[in-house]
Amino acid sequence: PAPAGEIVLDAAESDDVLGLREILEVGAARAAAARELSALKRELLWTRLKETAAASVDGYRRFDSRLHLTIGEVVGTPSLVSLIADNRTRVNQLLDGIPLLARNIEHSNQQHEDIVVAILTGNSERAAASMTEHLAGSAALLRGFLS
């Protein structure tokens, strides 16, 4: 048995969580970049990026989640946001099982910037590719720590 408070997921469940995340978030990044975003949505996305980059280690996951949700929000499909939020809750349960390391945060912040810049410049393929790379890195970390 696992120690009290430790999340234990079998491989099939973690594959489900991470597989759905990839479908939702890569699709959201691609769709956001393909949209004509209002000045307000563009500013919101840039603000979330800056907040995440400036976040302390203790607050990082909260700001990271807000950035990922904002990418879904700017698409303009409300049901997408609720699906991303539900999935993100499950992802965060997994992420809570691994340490946050400064070098991982730095790398994640660079990837976030790549994603947001691709969205803001309307490069949907680059946005999708950058999000795919970002999520693959998170998935590899999770699988490494939780296996």
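# Exercises on helix packing

Isoleucine 84 touches Leu24, Glu25, Ala28, His68, Leu69 and Gly72, leaving aside residues up to four places away in sequence. The model used here is a predicted one. Let's start from this residue and work outwards.

**Exercise 1.** Find where isoleucine 84 sits, and decide whether isoleucine 84 is buried or exposed.

*Solution.* Begin with the location: isoleucine 84 lies in helix H4. Next, take its relative accessible area, which is 1%. The cut-off for buried is under 20%, so isoleucine 84 counts as buried. Finally, look at one of its partners, glutamate 25. The two residues are 59 residues apart along the chain, yet their C-alpha atoms are separated by 7.3 Å.

**Exercise 2.** Work out how helices H3 and H4 are oriented to each other, and which residues make their contact.

*Solution.* Step one is the geometry: the axes of H3 and H4 come within 9 Å and cross at roughly 160°. Step two is the direction. Angles over 145 degrees count as roughly antiparallel, and H3 is therefore roughly antiparallel to H4. Step three is the handedness, and this crossing is right-handed. Step four is the contact itself. H3 brings Arg61, Asp64, Ser65, His68, Leu69, Gly72, Glu73 and Val75, while H4 brings Leu80, Val81, Ile84, Ala85, Arg88, Asn92 and Leu95. Sorted by class, the contact of H3 with H4 has 7 nonpolar, 4 polar and 4 charged residues. Our residue from Exercise 1, Ile84, is in the H4 list.

**Exercise 3.** Describe helix H1: its span, its buried residues, and the helices they pack against.

*Solution.* H1 covers residues 11–34, which is 24 residues. From first C-alpha to last, H1 reaches 34 Å, close to the 34 Å expected at 1.5 Å a residue. Now list what is buried in H1: Ser14, Val17, Leu18, Arg21, Leu24, Glu25, Val26, Ala28, Ala29, Ala31, Ala32 and Ala33. A helpful reminder here is that an α-helix has 3.6 residues a turn, so residues three or four places apart point the same way. The buried residues of H1 pack against H3 (60–75), H4 (78–95), H5 (102–120) and H6 (124–146).

**Exercise 4.** Take one of those partners, H6, and characterise how H1 packs on H6.

*Solution.* First, the numbers: the packing angle is about 160°, with the axes of H1 and H6 8 Å apart. H1 and H6 are therefore roughly antiparallel. H1 passes H6 in a right-handed crossing. On the H1 side, the contact includes Leu18, Arg21, Glu25, Val26 and Ala29; on the H6 side, Met131, Leu135, Ala139 and Leu142 are among the residues met. The class count for the contact of H1 with H6 is 11 nonpolar, 3 polar and 7 charged residues.

**Exercise 5.** Do likewise for H5, and add its packing with H2.

*Solution.* H5 has 19 residues and reaches 27 Å, close to the 27 Å expected at 1.5 Å a residue. Its buried residues include Ile105, Asn109, His112, Ile115, Val116 and Ile119. H1, H2 (39–54), H3 and H6 are among what covers the buried residues of H5. H2 and H5 pack at about 175°, their axes 10 Å apart, and are therefore roughly antiparallel. Arg42, Leu45, Trp46, Leu49, Thr52 and Ala53 of H2 meet residues of H5 including Asn109, His112 and Val116. By class, this contact divides into 8 nonpolar, 3 polar and 2 charged. Just after H5, glycine 122 takes a positive phi of about 75°.

Methods
Residues are numbered from 1 along each chain as its sequence is written. This is a predicted model: local features need pLDDT of at least 70, side-chain atom pairs count only at pLDDT 80 or more; totals for chains, interfaces and linings use all residues. Side-chain values use heavy atoms; hydrogens and water are left out. Helices (H or I, at least four residues) and strands (E, at least two) are DSSP runs, numbered from the N terminus. The expected span of a helix is 1.5 Å times one less than its number of residues. Buried means under 20% relative accessible area, exposed over 50%, partly exposed in between (1.4 Å probe, protein chains only). Contact means heavy atoms within 4.5 Å. Axes are lines fitted to C-alpha atoms, for helices over the stretch in contact, and angles run from 0 to 180 degrees between N-to-C directions. Angles under 35 degrees count as roughly parallel, over 145 as roughly antiparallel, 65 to 115 as roughly perpendicular and the rest as oblique. A crossing is left-handed if the near helix is turned anticlockwise from the far one by less than a right angle, and right-handed if clockwise. Ala, Val, Leu, Ile, Met, Phe, Trp, Tyr, Cys and Pro count as nonpolar, Asp, Glu, Lys and Arg as charged, and the others, Gly among them, as polar.
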